[in-house]
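Trainee: Hi, have you got a few minutes to go through this model with me? I'd like to ask about whatever catches my eye.
Mentor: Sure, pull it up and ask away.

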Amino acid sequence: MNTEILLIDDDESIRLVVSHQLEEAGYKVVSLPDGMKIKETLEKRKNISIALIDNRLPGKSGSEILAEIKEISPHIVVIFMTAYSTVDLAVDVMKTGAFDFLTKPVSEKSLLMAVKRAGEISKVYKENIFLKKELKEKDNFKKFTTVSEKMKKILNEAKQVATTDAPVLITGETGTGKELLAHSVHNFSGRASKPFIAINCGAIPENLLETELFGYKKGAFTGADKDKKGKIEYAEGGSLFLDEIGELPQTMQVKLLRVLQEKKIERLGGIDSIKIDVRIIAATNRNLAEEIKEGRFRSDLYYRLSVVPVEMPSLVERREDLPILINHFFERYCLQYSRKVKLSKEVIKKLSLYNWPGNIRQLKNTIERMVILCNKDELLPIDIPAELKNQSMLNMEEGSFQLPSDGINLEEVERSFIEQALQLSNGNQTKAAKLLGITRNTLLYRLQKFKLN
């Protein structure tokens with residue numbers, strides 16, 4: 001256990017007995033004879049989450065100490081102990097913010113039960129404080145862990161557009177963090193206090209998508225027994241995130257274009273126009289320029305959506321971020337699952353060599369799995385999942401690939417690898433993807449990106 005408990009009692013024998021019982025149960029204990037050094041102690045010992053306080057103390061009363069604790073560290077859960085128990089006293093201390101009230105002499109069983117319950121409550125308090133802090137923190141761009149200059153440039157541009165109401169189109173491969181960026185744009189904008197409504201355009205059947213977006217009037221169809229708002233109305237004043245916008249049916253593309261042009265909607269079965277004030281943030285892993293050429297996406301909608309286009313790079317394009325991302329997710333999941341595990345440098349080195357076709361999402365899930373399954377003190381290369389071990393960085397016979405000459409950038413290297421893979425596979429995209437250790441969809445995305453036939 002990492003829980004630290006503050007024990008305040010002027011009776012030394014009680015301090016010794018209670019400290020011993022708690023330490024035997026795995027808790028750390030800091031004991032004081034009175035509350036005169038309470039502020040100094042709490043500022044020094046940041047891990048204290050529970051306080052056991054005798055009600056009658058020299059210098060300061062238990063109620064005064066409680067008030068001081070709550071002012072300095074609101075998440076600390078306070079349990080009162082007293083040999084002079086009355087109903088009125090119990091009511092009074094509970095009113096002042098105490099979590100529990102124990103009568104001396106306290107049995108070991110009662111003590112440990114009370115402390116266990118207090119630990120659970122303290123955890124909830126900490127989570128609430130963290131969430132409130134997150135809500136107040138507008139700069140959600142800090143959630144992006146990066147040293148990549150390319151990524152930093154993208155985030156700075158996204159910050160600039162966030163302060164406007166312009167539509168944003170976020171492109172990039174699956175798992176690159178497009179939705180996180182959309183959240184960050186919303187939370188950094190003047191609409192942060194209003195709703196952020198997300199909808200996956202590819203996950204809802206076409207016949208239901210219109211009602212999801214625009215809502216409907218009573219009697220519009222069988223079963224419509226009352227008016228219902230759509231996602232656009234629920235996002236009023238805030239942002240509507242349209243994920244997988246490339247999957248949007250063409251009939252809905254026309255309706256969405258009208259929303260962007262006229263700032264009005266009509267519910268299904270209705271005749272009245274409803275004015276709306278919603279910012280549209282869209283995302284896709286498709287190349288919409290190619291979709292337009294193939295007649296699957298409207299060019300006028302594309303230009304409306306892509307007032308400010310933002311392309312999220314794949315992990316291969318920001319490979320210098322891999323070591324810090326690996327460490328970041330490792331620390332997160334060790335904390336989440338209470339694992340005291342070390343991460344070997346060999347694991348970081350090996351994981352940094354993979355292509356990660358699933359990008360951030362795949363990396364995160366892999367690290368989480370490794371932490372959960374680890375049953376020793378250190379993560380070693382043997383703990384890397386088998387499917388990754390079987391996929392070398394390029395999956396080619398030694399010498400098949402030749403790096404281009406020195407002095408070129410990462411995108412040129414990537415393009416060169418793709419061209420060589422296509423040559424070796426005689427243009428067969430499935431074989432080329434296998435040689436590169438990526439999925440065919442990922443290869444198609446990169447072929448479109450580099451305009452390779």
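Trainee: Let's start with Asn-355. Where is the place of that residue?
Mentor: Asn-355 sits in the loop between helix 14, residues 345-351, and helix 15, residues 359-373. Keep in mind that this is a predicted model.

Trainee: Is Asn-355 buried or exposed?
Mentor: Buried: the relative accessible area of Asn-355 is 8%, and the cut-off for buried is under 20%.

Trainee: Which side chain does the side chain of Asn-355 make a polar contact with?
Mentor: That of Arg-319, at 3.5 Å. A polar atom of the Asn-355 side chain also lies 2.5 Å from the backbone oxygen of Leu-436.

Trainee: Leu-436 is in helix 18, right at the end of residues 429-436. What does helix 18 meet there?
Mentor: Helix 19, residues 440-449. From helix 18, Gln-429, Thr-430, Ala-432, Ala-433 and Leu-436 take part, and they meet Arg-440, Leu-443, Leu-444 and Leu-447 of helix 19. By class, that contact has six nonpolar, two polar and one charged residues.

Trainee: And how are the two packed helices described in general?
Mentor: By the angle between their axes and the distance between the axes. For helix 18 and helix 19, the axes come within 9 Å and cross at roughly 100°. That makes helix 18 roughly perpendicular to helix 19, because angles of 65 to 115 degrees count that way.

Trainee: Back to helix 15 for a moment. At what angle do the axes of helix 13 and helix 15 cross?
Mentor: At roughly 45°, and the axes come within 9 Å. Helix 13, which covers residues 322-336, is therefore oblique to helix 15. Helix 13 passes helix 15 in a right-handed crossing.

Trainee: Which residues of helix 15 does helix 13 meet?
Mentor: Ile-360, Leu-363, Lys-364, Ile-367, Glu-368 and Val-371. On the helix 13 side, the residues include Leu-322, Leu-325, Ile-326, Phe-329 and Phe-330, along with Arg-332 and Tyr-333. The contact of helix 13 with helix 15 has eleven nonpolar, one polar and three charged residues.

Trainee: Asn-359 is in helix 15 too. What is phi of Asn-359 near?
Mentor: Near 60°, which is a positive value in a residue other than glycine. Asn-359 is also buried, with a relative accessible area of 0%.

Trainee: What about phi of Ser-338?
Mentor: Phi of Ser-338 is near 55°, again a positive value in a residue other than glycine. Ser-338 lies in the loop between helix 13 and strand 13, residues 342-343. Ser-338 is exposed, with a relative accessible area of 62%.

Trainee: While we're on backbone geometry, is the peptide bond from Lys-104 to Pro-105 cis or trans?
Mentor: It is cis, with omega near -5°. Pro-105 lies in the loop between strand 5, residues 100-103, and helix 5, residues 108-136.

Trainee: New topic. How do helix 8 and helix 10 pack?
Mentor: The axes of helix 8, residues 206-214, and helix 10, residues 250-262, come within 10 Å and cross at roughly 15°. Helix 8 is therefore roughly parallel to helix 10, and helix 8 passes helix 10 in a left-handed crossing.

Trainee: Which residues meet there?
Mentor: Glu-206, Leu-209, Glu-210, Leu-213 and Phe-214 from helix 8 meet Thr-251, Met-252, Lys-255 and Val-259 from helix 10. The classes are five nonpolar, one polar and three charged residues.

Trainee: Helix 10 begins at Gln-250. How far is the C-alpha atom of Gly-295 from that of Gln-250?
Mentor: The separation is 9.6 Å, with the two residues 45 apart along the chain. Gly-295 is in the loop between helix 11, residues 288-293, and helix 12, residues 299-305. At 46% relative accessibility, Gly-295 is partly exposed.

Trainee: Last one: how many helices and strands does the protein have?
Mentor: It comes to 19 helices and 14 strands. Of the 453 residues, 45% are buried. Among contacts with a separation of 6 or more, 70% are between residues 24 or more positions apart.

Conventions: Residues numbered from 1 in each chain as written. Predicted model: local features only at pLDDT ≥ 70, side-chain atom pairs only at ≥ 80, totals over all residues. Heavy atoms only, no water. Axes fitted to C-alpha atoms, helices over the stretch in contact; angles between N-to-C directions. Helix = DSSP H or I, 4+ residues; strand = E, 2+ residues; numbered from the N terminus. Parallel < 35°, antiparallel > 145°, perpendicular 65-115°, else oblique. Left-handed = near helix turned anticlockwise from the far one by under 90°. Contact = heavy atoms within 4.5 Å. Nonpolar A, V, L, I, M, F, W, Y, C, P; charged D, E, K, R; others polar. Buried < 20%, exposed > 50% of the residue type's maximum accessible area, 1.4 Å probe, protein only. Polar contact = N/O pair within 3.5 Å; in protein donor to acceptor, adjacent residues only side chain to side chain.
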